[in-house]
Amino acid sequence: MKRPTPLMRRFLQLVSEETGGPLETLARQSQQVTRRHFGKTMRLFAPLYVSNECVNNCKYCGFSRDAAIFRTTLTIDQVVTEAKHLHGLGFRNVLLVAGEHPKFVSDGYLQECLDALKPFIPTLGLEVGPMEDDQYAEIVSHGAEGLVVYQETYHRDTYQQLHTAGPKKNFNWRLDCPERAYAGGFRRIGIGALFGLANWKYEALALCAHLEYLYRHCWKAQFTVAFPRMRPYAGNYEYEPDPDLYLPDKAFVRLIAVFRLLFPQVGIVVSTREPAALRDAIATLGVTHMSAGARTEPGGYTGAGSDDLHLTVKGRRVELEEKSGCEKATEQFQITDHRSPAEVAAMLRSQNLDPVWKDWDESLLAMA
C-alpha cells in the first residue's frame, strides 16, 4: 500500500464519488465492457455445503468452533443426493463448501466427493480450508477445477482480532492460498473480502492490489472476484457489526463497475446474500456469475444428514440430549434472495441475458 501502482492509483480515483465521476456513467461503461468480453450471459452456480464442522474460531461466522450449533458432515451418498437435486434444477456448476476440520472432513473425503460427482457435474469448485501445493494437485486430479478462498479481511490487526483459534489465525498462509492453488493446477480461482469487518475502502483497495498481483504471477488462471457483505449468522454471539464499516449499496455498485473497468476479463460474482431487487438492478452492469436458490447448511436442499445432527465440544462429538425430528444443520449465514433457480433464470431472460448452466466439459481438453 505504501507504493501504489498506477492501476491502484486509478482505482482510488474511480472509487471516490468526488473524483470518479457519476455512478451512472461508470455503470454504463461497465456494462459495455462486460458485453464486449462476456456477451449477454450470466453463469449460474449453486453452493453445496458438505460439512459445518470447523476447528477455527472466527467471531463473525456461524460455523465458528465454539458456537453451540447443530452440526453434521454428509456421507458421500448424501452429497450425491444433494448434487442430484441441484442437477435436476439445471445446475452443472457446483461449489462444494466445508468448514475446516481435519477429523470430520478427513484426508480423502473431498476426493471421494469429487469422484462421485464428476460423472454428472462437469464444473466442480471448492471453498474449503487452505492446503499445501501437493494436496491441491491431488484435488485437481480428482476433477476440481475451481477454488474460492476469501481473505475475509485484508486488515491484519482486524484479522488477528477476529480469528482467535485454529489454523485460520495465520494471515499469510491464507493470503498465499491462491498462488498455491495455481501451482497445484487450478484453472479458476476466486478471491474476495467479507465487507463489514474493516473499512470498506481499505478492503477494496487491498483486494484490487491482490488481484493485480495474481494476474501478474498466475497469468494462466481465470479469476473471479466477489464483494460479499456481512449477513446475520447463528448466534451473533461474539461479533457486533460496526455500521460505520458497512458497504452501502451505491458503493457496492460502484465497486462492481470499477473492478470491471480495471480488470475487463475478471469474473464478478454476486450471491444470494444480496436482496433480489438489488441483484435484478445490477445483473446487466458488470456481474458475470450468480448463485441461485442457495442453501448455506449441509443437507439444505434435501434434508440429507439431518439424522446425524450433533454438537461438537472441544473437538469432540456430543450427541443431542433430545431430538424432535424437526432439527436441521445450522446455516453459515442467512441469505436474502430466496427465489428458485427457475425464477432467477426467468429474471435474467427478461433482461435479455442468457442463463448459462454449463460452460465447461472435460471433453474439451481432448479436442485441444
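## Aromatic cluster, core and strand pairing

Ring pairs join F11, F195, Y215, F223, F227, F252, F259 and F263 into one cluster. This is a predicted model, and it holds 11 aromatic pairs in total. Below is a quick tour of the rings, the nonpolar cores, strand β1 and a buried aspartate in a loop.

**Aromatic pairs**

- Take F11 and F259 from that cluster: their ring centres are 5.5 Å apart and the planes meet at 75°, so this pair counts as edge-to-face.
- The two rings come from distant parts of the chain, with F11 in helix α1 (residues 6-15) and F259 in helix α10 (residues 249-262), 248 residues apart.
- F11 and F259 are both buried.
- Y159 and F171 make another edge-to-face pair, at 5.0 Å centre to centre with 80° between the planes.
- Here Y159 sits in helix α6 (residues 156-162) and F171 in helix α7 (residues 171-175), so the pair ties together parts that are 12 residues apart in sequence.
- Y159 is buried, with a relative accessible area of 0%, and F171 is buried too, at 5%.

**Charges over rings**

- R180 puts its charged end over the ring of W173, 3.5 Å from the ring's centre.
- R229 does likewise with F252: its charged end sits over that ring, 4.6 Å from the centre. F252 is also one of the residues in the aromatic cluster.

**Nonpolar cores**

- The largest nonpolar core has 88 residues, and the members touching the most others are F11, F227, L255 and F259.
- Helix α10 supplies the largest share of this core, with 9 residues.
- Leaving aside neighbours within four places in sequence, F259 is in contact with F11, A204, L207, C208, L211, V225, F227, V266 and I268.
- Apart from the 88-residue core lies another core, of 23 residues, including C54, L95, Y239 and V269.
- F11, F227 and F259 turn up on both lists: they belong to the aromatic cluster and are among the residues with the most contacts to other core members.

**Strand β1 and its partners**

- Strand β1 (residues 41-51) is mostly covered, with 10 of its 11 residues buried.
- β1 pairs with strand β13 (residues 354-356) in the parallel sense over 3 bridges, and T41 stands opposite D354 there.
- Strand β10 (residues 289-291) also pairs with β1 in the parallel sense, over 3 bridges; within β10, H289 is the bridge partner of R43.
- With strand β3 (residues 93-98), β1 forms a parallel pairing over 5 bridges, where Y49 stands opposite V97.

**A buried aspartate in a loop**

- Where does D337 lie? You'll find D337 in the loop between β12 (316-319) and α12 (341-350).
- Is D337 buried or exposed? The relative accessible area of D337 is 1%, and buried means under 20%, so D337 counts as buried.
- The side chains of D337 and R279 are joined by a polar contact of 2.9 Å.
- Leaving aside neighbours within four places in sequence, D337 is in contact with T272, E274, P275, A276, R279 and V344. R279 is thus a contact of D337 as well as its side-chain polar partner.

Key. Residues are numbered from 1 along each chain as its sequence is written. This is a predicted model: local features need pLDDT of at least 70, side-chain atom pairs count only at pLDDT 80 or more; totals for chains, interfaces and linings use all residues. Side-chain values use heavy atoms; hydrogens and water are left out. Rings of Phe, Tyr and Trp (its six-membered ring) pair if their centres lie within 6.5 Å; planes under 30 degrees apart count as stacked, over 60 as edge-to-face and the rest as tilted. Helices (H or I, at least four residues) and strands (E, at least two) are DSSP runs, numbered from the N terminus. Buried means under 20% relative accessible area, exposed over 50%, partly exposed in between (1.4 Å probe, protein chains only). A charge sits over a ring if NZ of Lys or CZ of Arg is within 6 Å of the ring centre and within 35 degrees of the ring normal. Two strands pair if DSSP finds at least two bridges between them. A polar contact is a pair of N or O atoms within 3.5 Å; within protein, one must be able to donate a hydrogen and the other to accept it, and residues adjacent in sequence count only if both atoms are side-chain atoms. Contact means heavy atoms within 4.5 Å. A nonpolar core is a set of buried Ala, Val, Leu, Ile, Met, Phe, Trp, Tyr and Cys residues joined through side-chain atoms within 4.5 Å.
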